[in-house]
Amino acid sequence: MDYLKTQGVKSLKGNIRISGAKNASLPLIAMTILAKNKVNIKNLPHVADINTLLKLLSNLGAECNFLDDRVIVDTTSINNTKATYDIVKTMRASILVLGPILARFGHCEVSLPGGCAIGQRPIDLHLKALEQMGAKIEIKAGYIEATTPNGLKGCEIIFDKITVTGTANIVMAAALAEGVTTITNAAREPEVVQLCEVLDASGVKIKGIGTAILTIHGTGGELVDIPEFTIIPDRIEAGTYLCAAAITKSELTLTHVEPKHLGAVLAKLEEMGSSFTLGKDFITIHPAKDIKPVKIITQEYPAFPTDMQAQFMALATQADGVSIIEERLFENRFMHVSELQRMGADISLNGHTATVSGKAQLSGTDVMATDLRASSALVLAALVSEGETNIHRIYHLDRGYDSLEKKLEGVGAKIERLKE
Ligand code: EPZ
């Protein structure tokens, strides 16, 4: 297994190019199951989760041809509708194939994703909505067995909770359903918006894109012709590097980024003392001299994203004062706390709320990544720790960050990938 050896740095300098968004790529790859044509996807990030989903599609019979940061996906040859446990267990977002496979083939078996470090991550809302659309769903031997005896029918779906992949799954199912589906309490994340925009450009009329109420006019089973598209920039990758600049008090410029997707993150960094120069597709961060403490509550987009919580906790260890961080979406997304405490952070937990007292002098040591965003928080802490930090189990990091150590090394970080 690989690990990252890092040294604390005085500061960073230069530009970082942001890759395509992992969480936009995953539903958009699943969406190719609805296509009658070969689909050309540009700006794919080189991350493990994308490879996992493309492997899943290949196992179903699709053809995926990679050309650097783009892929051409041909799903016309799919001849199998079973997503097996060996793949689904490595990436729970595999559940995103359920809606499209069911809509196109009328039957589908998807392994239940199983547990995850950050929480139980149920999919009850996905299944309930598909049943409302006419699906018959049974859980047998760890698999979701779904059929549509009379096809999927459009209807009124009201999500009890806002669910990102739940919204994506139902949008894709509704795209081929008979009639009109409305989704109330839909997720508004930019990744869901891009899925709707691409489907709309493919002839699936969708109203309310970007709002909490989506109206999807299904094709009644007719496959769609999906035009070439470019994955939007990864706002969480961008937010992570903004935190790297803030924690090391460095001026960095991020390119190929969408500032509009980072409103809540930029606002919190400003509260902590940073300022910004924003362009159409770049952000330059001007760091605070002294980092101020902050209060953060994670909520659905456009509020502060849960996927940035761990990174801001690392940053808060360097603030002069007490920060409060409340995690409202997942029940166990504080796995990074114990590792940060081992580096010298002063953090106390009370249920879903962390109290971070700064400024703490962090010391390098051996730490272990536990989940994707926790891993990036450990990298940020390592950048301002005295001495050497070795971050183990970075396969978590590789799931969602494209060449993280190379991008940081490119702006002056002392970081290298070694074999255990
Ligand atoms: C997506 O996960 C993202 N993953 C996550 O990013 C992100 O943290 C999460 O949205 C929240 O923004 C992808 O897009 C691939 P949810 P998802 O369904 O869709 C509950 C990362 O780091 N819920 O929006 O699985 C659920 O338990 C990953 O890139 C139900 O109760 O999250 C959670 O409390 C981590 N029943 C809340 O809703 C359901 O059927 C939000 O979950 C579905 C969800």
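A residue is counted as near the ligand if one of its heavy atoms lies within 4 Å of it. In this predicted model, 22 residues surround the ligand, with Leu125, Thr163, Thr165, Asp307 and Leu329 being the closest. By residue class, the shell around the ligand consists of 10 nonpolar, five polar and seven charged residues. Several helices contribute to this shell: helix H1 (22-31), helix H5 (124-132), helix H6 (164-176) and helix H12 (372-383) each provide at least two of its residues.

Polar side chains approach oxygen atoms of the ligand at several positions. For Thr165, a polar side-chain atom is found 2.6 Å from a ligand oxygen atom. A distance of 2.6 Å likewise separates an oxygen atom of the ligand from an N or O atom in the side chain of Asp307. In the case of Lys22, a polar side-chain atom lies 3.0 Å from an oxygen atom of the ligand. On its own, the ligand has 830 Å² of accessible area, of which the protein covers 89%.

Helix H5, one of the helices that supply the shell, also contains a set of buried residues, namely Leu125, His126, Leu127, Ala129 and Leu130. Among these, Leu125 is also one of the residues closest to the ligand. The cover over the buried residues of H5 includes two helices, H4 (98-105) and H6, together with strand E8 (136-140), strand E9 (143-147) and strand E10 (156-158). H6 thus appears both in the cover of H5 and among the helices that supply the ligand shell. After H5 comes Gly134, which has a positive phi near 110°.

How values were computed:
Residues are numbered from 1 along each chain as its sequence is written. This is a predicted model: local features need pLDDT of at least 70, side-chain atom pairs count only at pLDDT 80 or more; totals for chains, interfaces and linings use all residues. Side-chain values use heavy atoms; hydrogens and water are left out. A polar contact is a pair of N or O atoms within 3.5 Å; within protein, one must be able to donate a hydrogen and the other to accept it, and residues adjacent in sequence count only if both atoms are side-chain atoms. Accessible areas come from the Shrake-Rupley method with a 1.4 Å probe; for residues, only the protein chains shown count as cover. Helices (H or I, at least four residues) and strands (E, at least two) are DSSP runs, numbered from the N terminus. Ala, Val, Leu, Ile, Met, Phe, Trp, Tyr, Cys and Pro count as nonpolar, Asp, Glu, Lys and Arg as charged, and the others, Gly among them, as polar. Buried means under 20% relative accessible area, exposed over 50%, partly exposed in between (1.4 Å probe, protein chains only). Contact means heavy atoms within 4.5 Å.
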